[in-house]
Structure formats: structure tokens, C-alpha cells
Amino acid sequence: MHFVIACTILLVQAVTAQTFQLNDNGYFNAGGTDVMAFSDFYPEGHQGGVCVIMNGQRIATNGDIRLEATPGQWQPVPKQLDRKVADGRITTTLCYPDSSRHLTGFNPMVYPNWNVTYTVNVEPQDKSILVTVDLDTPVPDFLLGKVGFNLEFFPGLLFGKPWMMDQQTGIYPQQPNAPLLQLSTNRGHDGDFYAGRGQLTDLMQLDGEGYSPLRADDIIAEPYAVGRKFTSRPDDPSQMLTVESLTGDLKLYDGRMNHNNGWFVLRSEIAPGATKGAVRWLITPHVDQLWQYRPVIQTSQVGYLPQQPKRVVIETDPRSKDFYEAQLVRIDANGKEVVRSIKPTIWGNFLRYRYLIADFSDFTEPGLYQIRYGTSFSSVFRIADDVYDRGVWQPVIEYFLPVQMCHMRVAEKYRIWHDACHLDDALMAHVGNHIDGYNQMPGLSKYKEGEIVPGVNIGGWHDAGDFDLRVESQAGEAYILALAYELFHPEIDVTSIDQEHHRVEIHEPDGKNDILQQVENGALTVVRSYQALGRLYRGIICNSLRQYAMLGDAAAMTDGIIGNADDRWIFTEDNPMRAISTAAELAGASRVLRGFNDELGEECLDIARTLFNQTNLDGRMAGMKLQAAVELYLTTGEKEYLDFIFANQEMITRGVGFSGWYTARVAKRLETRKDKQSKAFVKAYREALAAYKLQLDKQSAETPYGVPYRPSIWGAGWDIQRFGFQYYFLVDAYPEIFSKDPVYDALNFVLGCHPGSNNASFASGVGARSATVAYGLNRADWSYIPGGVVSGTALIRPDFPELLEFPFLWQQTEYVLGGGSSHYMFLVLAANH
């Protein structure tokens, strides 16, 4: 009898445990499965809506009403109005259109002529999640068959894996497959929702001719299957998820047919006249009640200097009762040997995990090593005096920056990375809003719309895979490289760069320092554009969306013939903050160009002086001018700039967290002066730094990684690199105040010691395991560029860190100019120094 009662209790507990419950973080959980609802809102980045995470992997996401079967980055997204968590359910209110994005904004969208407000209600039902959508108005006739509830499945986990739709079966294909389905486009019913804020977009110009990402709903792939009950991965309980529609047919689409970055899409269309209960889905993930997150050991994928701190982070399930020793395992020709065992300290909970720290800093013997914790192993890493001497910072200069060079033919022995590109730059941009944050205001150019702007087809680097040249990316990259050269003087010559003939040969030395050649390359585009326009450019970008979405050889974007319709556009702007930051960057670059390209160096300095004198900033923004004054003073030693620094002493000390890194070099110089003003400045500055040190210590203690980690949508890798870069100037000038550890911690974060199960190095091709699928110019090939540094681990809010191996998630795997790789390179050199 007691046995029967015990079994009954266990059975009830097991069944109860599989029922989804709302947790304190505002999402549903059962065992190893989480269902989130609108905690995130970035649908164009496959991040938002109803989201299912199973056993540590995001399986499906973006469950929401969409106006196309397979929408992409450029299709309309709803506006989220409200989200409530109450009575065991999550209710989110949204609407179409979002007038702030209709034909205007950073990336304009075109909304069809339909106003609707709707709610998505998500609640548990037995072992399932019930999703119910209520509309306040029916779908108009012209959108019937287009409006539906979509759920996107991550393709990277599914290639070659099975699905079932009722009695139909299939395998998720590696590439999208015909036949095609031709539909009437929503673009025949554009709404009039422009709210009068921001410049309007020239829709005809953006559309261009032929395929346009803006109207990509007219030709899609036919659905792979139609039915009422769909199961993904019936072969694998860890990923098996079933969706049953209670209101209409389900259709399985391949979103990659018309958008390379698309996912598999399961959807049901909303029926004519439907409002309340227009969509009702029962989502049933397989729940493994016993599943626990396997410990992840997070180390540098490269290794450590013998005297460098070696804090290993171990990420564990907070429910785990297991606690092991962390073992340092040496690997040599005789095999593996445990050389040190220590009991990790419990750091505590962060995000959704519990973190342990194993500190092996006192172990300094060179060799190959691994960390073992229970049944988990780290990657193999080195401890060596030369750990950073080859193939660590060098790929940034050896591969990444040469490959990104614009107006060049870039060759590497047998391989052509891209042919000579954009030699027909550039036409003056048309007035109005464009894409990617570009807009041209009237009256800011001596050139007419569409007129040739001569002399700007030289220098610069393509930004990520977008092929545009932004002034902050170009000047910023040159500046960071200049500071790295100025401080560390690294010698590297493995590339031949010929600006006159637009040719780059990787692994062909030309007798010139490659870092200085890259500083020159960034300065050239900024300086020549300034000379042509009589002011700074905002940047140069393609003139249509079809060109912008292009993947492959940069030379294919235009025909190289100056003055025709495919030429890129050059934009100007009136942006005092960007102007003054460019002044600082050009002044810094000018110092290292002395003796290398004296004429260009003087041109940089002249423009920096002019921008400093012309740019007026008031209030808090006046602090932006300080950096320019600092760099101009360090370059020229002139009293005018030092007087400006002295005049803003209070602003410097009050905002030392913002300005301390670049003013530290001036403050150290002033320590050698005997005048009262210098002494007073130095005293106040040191006092401000001591207070800031306490603030930094508090921020660094917020995470087990020793650096602030505060991602929003994008991965925080670039922010942490910038933090480490700026922090170095403080510790270099004031080692008695600031510890060296945050420099190493920032570098280790980038090289693999970061949250989540994917502990790859963000630096492509660097370390035992790295991001070798990335959002660069070759992303369509699921490839990478050595030395590129991806954006890094993002946060699926509220608490799931994620770094997918997928080339089309810009918020996780994109390369960037103006800091991404150059800050990383600087950090490696700083750590070695």
C-alpha cells in the first residue's frame, strides 16, 4: 500500500513538474524548456515575439502577426504598445503601423494601408502553451492570405533533420528549393502614415529595378507542407516541438528563398472576418524534467603569459548539487597529466547561471594545458612567453583590414578576395532620407544632386558586409591604429599596398610598416573627401537597396564607369559632435604619419585645426571638444589647446569617467611642470581618478568576468573591447591607482571567457576555437575573414546569453570598422606590453 502511494505521489509530481509555470523573470518554464513572450523586441533580427528555448538552445522565435509569409529585414514590423504578466499569463498589445518607421528613420519600411491593434495572449495549458491572437478589426480583402501568425525556426540546427506535418514528412534542406509561388505584392496598397517627423525616403530610388528587398513578398517558395499539426525534430527529444493550429491550416515555408538571412517559417493565415480568437495555437515542446545545463569552462582560446592572471570561469546550472575540483591538465608527448587541482570559489548567480571561479594565476610553467571540471573540458590553450607573438593580433593587419580595403583589388596568392571596386565613386546624394542612417539635408553641398564629386575614389575600408564608408568608422579606425603604433611600435610588413594602382597583395612585403599603411588608408578617404566637398562627408554608400543587400565581390556593385546610375552616393551632414570627434582622430593620426607620409599628415592636422576652430558645442556636449584639444596639444604642443584644457578642468574632473582615458596623457606631462596651474590641475585630476577607481571596481564586480557586461540587443564584445582599450591609458599612466587586471579580463572575454555555451573566440581564426562563420562580405558562403572580430554574445532577454553559429545575425556575428578589430588588436598589444 505504501509503495502504491509513493508511486502515485511521484507520478503526480512528475506530471505537475511538466506543467509550465511563470517564473520570477517573466517567462514560462518546465524542466529544460523555456517559453518567452515579447521579452525581446527586435523582429528584424530574429529576436522577439513568442520564443522557445529547449535544453540550452533557442529553437524557435518571433512568434507574432506578420504581413508576409516570409518577411525579411525590410518588411513592416509591429509596434509593441504594452506587455502584462498577470494571472499566470503574458498578454502583449501591439499594432500596425509603426508610423515612426513608415518611409523614414534609420532603415525605412513601407506599411500597407491597414490600421490594427491586436493582443497576443500566451498561457499554459496542461503540458502545452496556448497562444491566442485577438484583432480589433478584420483583415482587409487585399491582405487576405498575407496576414498570419508566424513562428521562425533557427535553420542552423535543422539542416538535414526531419519534420512532420500530419502524415507528411520531410527533411530540412541545406538550401531553399523551388517551386516558386507568385503572389500579389502588398506594395500595391501602400499606406499614408508618414507622421511628419524626419525626412521622407525616395521609395522609387530605393526600390531600383528588378528584385527589391522592399517588395520581396511577391515571389516566395511554395510551402513544403500544409496541415494542422506540425512536429519539428521528431527524431530528437531535446529539440522536438509540436505546433497544432486550432483555427486554420499550418504552412511550412523556407524564408531563405527571398532573403538570404531568412529562417524556416511556420505560419497560419488569418481567416476572412476573424477578430477574436483569430489565431489559436497549441505549442507543445518536449520537456525533459531532469535536464540540467552541462558546465561550460570558459578560458582564453589562445592562452596566457606566464605572469598573467589566469581566472577560469565555470558556468553551471543553478539547480546542480554537484561540486567538483577544477583540474589543470598538462598535455605533452607522453599524454595528459593533472598538475594542479583546486576547489573553485562560488562567485554567485548571474543571468540564468551559477558561476564558479578557478584561479590558476600562480601556475606559470610554459606548456599546453586544459581545464577539467567534472566531465567538462576546456579547449586546449598555451602558457608561454610568446603566446601573443604570432597569429593573435597580427591577423587584423595581415588579413582583415587588407580584405576590407575599398577602391582596391585584393589578392592573396591564388585567391582574389575582391576585385578593384567603387572606382566610380561618387555622385552627390539626393536630398532626403536614405538607408542605414544616411540622410542628406539641403544646402550642405556645393554640388548638385547626382553631380560627380571628383577625387573621392581612394582609401577607406568597407564597413562589415555593407560596403559603405562612414566617417566615424574611417577616422576612428585610423586613430586607434595610430595610437597602437605610437604606444607599442609593432613591426609588421606582410602586405604590399599600392594606392596609386589600387592593388593589394597579401603576403607580399613591400618594405613599409603595414599599420602605418592602414592609418594612411583611413586618412586618405577622410581627407580627400573633405578637400572635394569643402567639409566632412557623412560617408559613401550605395544608392539603392538592391545594391545594399548585395553579397559577394564588392566590385560587382558598380561598373567602375564614373557618372552613371549605379554609382554610389556621397553624403554630407551638419553634425558638430561627429565633426569634433573626427578632428581628434585626424590629429592623432597625423602624429604617426610624420616621416611616413608627411604631406597627408599635415593635411590631417590642418583639417583638425579647422574643425576645432569651426565647431562650437554647448553644455555637456562641450566635453566632446576636449578630446580634440588633447590630441591637438599632444601633436603640436601649442598653448591654445592647453589653455582650452585648463579652462575645462572642472568638466574633466567631474566627468573623468568619460574623459579620463584621453586626458591621462596630458595630465602625466603636466606633472613635470612647476607652474601653479599645472600643479592644481594634476592634484584635482588625481583626486578625481581615485573616486572613479571605486566606481570602476563596482562595475567590474557586477559580473564574474571582471568587466561590465550589459548587452541590450547587440553582443557586448565591442563595448568590452572599448572599455579595455580606454582603461589601458589609465593603468599605463597611473599604475599605482589602477590594476592591470581589467585589461587582461577584457582581452580574455573576447578570446573566449564570456557567457553562454559557445565559448569561441570572437576574433575569427584566432585561438583553438573561434567565430569561423561570420557576418562579413563572404557570409553567404558561411565563411569568415581572419582577424575580423564579431559583435559577440548577445542577450536573449531577459537572461539567455547566445552566440549562434550563423552568418546572418548581425547582432551576434557582424564585423565592423572603427573599433571592432582594432580595439582587439590594441588590447593584445597592451597585454603583451
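Histidine 407 sits in the loop between α3 (394–404) and β31. Start there. The model is a predicted one. In this model the phi of histidine 407 is near 60°, a positive value in a residue that is not a glycine. Most residues other than glycine have a negative phi. Is histidine 407 buried or exposed? Histidine 407 has a relative accessible area of 1%, under the 20% cut-off, so it counts as buried.

Move along to β31. Strand β31 (residues 409–412) pairs with strand β32 (residues 415–418). The pairing is antiparallel and runs over three bridges. Within it, valine 410 stands opposite histidine 418 of β32. The two strands form a hairpin, with two residues between them. One residue of the turn is lysine 413, which has a positive phi of about 55°.

Another positive phi comes at aspartate 436. Its value is about 60°, although aspartate 436 is not a glycine. Where does aspartate 436 lie? It is in the loop between β34 (432–433) and β35 (439–440). The relative accessible area of aspartate 436 is 7%, so this residue is buried.

Next come the cis peptide bonds. Most peptide bonds are trans. The bond from alanine 178 to proline 179 is cis, with omega near 10°. Proline 179 belongs to the loop between β12 (168–171) and β13 (180–182). Arginine 797 and proline 798 are also joined by a cis peptide bond. Here omega is about 15°. Proline 798 is found in the loop between β41 (794–796) and β42 (800–802).

Now turn to a sheet. It is open and has four strands, in the order β21-β23-β27-β26. The pairing is antiparallel. Which strands form the edges? They are β21 (296–298) and β26 (345–350), and each of them pairs on one side only. On average, neighbouring strands of this sheet are turned by 25° against each other, direction ignored. Look closer at one edge. β26 pairs with strand β27 (residues 353–359) in the antiparallel sense, over five bridges. Asparagine 349 stands opposite arginine 354 of β27. In a regular strand the side chains alternate between the two faces of the sheet.

The other edge strand, β21 (296–298), leads to a contact across the chain. The C-alpha atoms of glutamine 298 and histidine 754 are separated by 6.6 Å. Along the chain, these two residues are 456 residues apart. Histidine 754 lies in the loop between α15 (741–750) and β41. With a relative accessible area of 0%, histidine 754 is buried. What is histidine 754 in contact with, leaving aside its neighbours within four places in sequence? The partners are Gln298, Tyr705, Phe749, Asn759, Ala760, Phe762, Thr793 and Leu803.

Glutamine 699 gives a shorter story. Its place is in helix α13 (residues 676–700). At 19% relative accessibility, glutamine 699 is under the 20% cut-off and so counts as buried. Not counting residues up to four places away in sequence, glutamine 699 touches Pro708 and Arg710.

Finish with the helices. Helix α8 (residues 598–614) and helix α9 (residues 624–636) have axes that come within 11 Å. They cross at roughly 140°. Why is α8 called oblique to α9? The angle of roughly 140° falls neither under 35 nor over 145 degrees, nor from 65 to 115, so the pair counts as oblique. The crossing of α8 and α9 is left-handed. On the α8 side, Leu605, Ala608, Arg609 and Phe612 make the contact. On the α9 side, Lys625, Ala628, Ala629, Leu632, Thr635 and Thr636 do so. The residues of this contact of α8 with α9 divide into six nonpolar, two polar and two charged.

Helix α9 has a further partner. α9 packs with helix α10 (residues 639–647) at an angle of about 145°, with the axes 8 Å apart. The crossing of α9 and α10 is left-handed. Lys625, Leu626, Ala629, Val630, Leu632, Tyr633 and Thr636 of α9 meet Tyr641, Leu642, Phe644 and Ile645 of α10. The residues of this contact of α9 with α10 divide into nine nonpolar, one polar and one charged.

Definitions and conventions: Residues are numbered from 1 along each chain as its sequence is written. This is a predicted model: local features need pLDDT of at least 70, side-chain atom pairs count only at pLDDT 80 or more; totals for chains, interfaces and linings use all residues. Side-chain values use heavy atoms; hydrogens and water are left out. Axes are lines fitted to C-alpha atoms, for helices over the stretch in contact, and angles run from 0 to 180 degrees between N-to-C directions. A crossing is left-handed if the near helix is turned anticlockwise from the far one by less than a right angle, and right-handed if clockwise. Contact means heavy atoms within 4.5 Å. Ala, Val, Leu, Ile, Met, Phe, Trp, Tyr, Cys and Pro count as nonpolar, Asp, Glu, Lys and Arg as charged, and the others, Gly among them, as polar. Two strands pair if DSSP finds at least two bridges between them. Buried means under 20% relative accessible area, exposed over 50%, partly exposed in between (1.4 Å probe, protein chains only).
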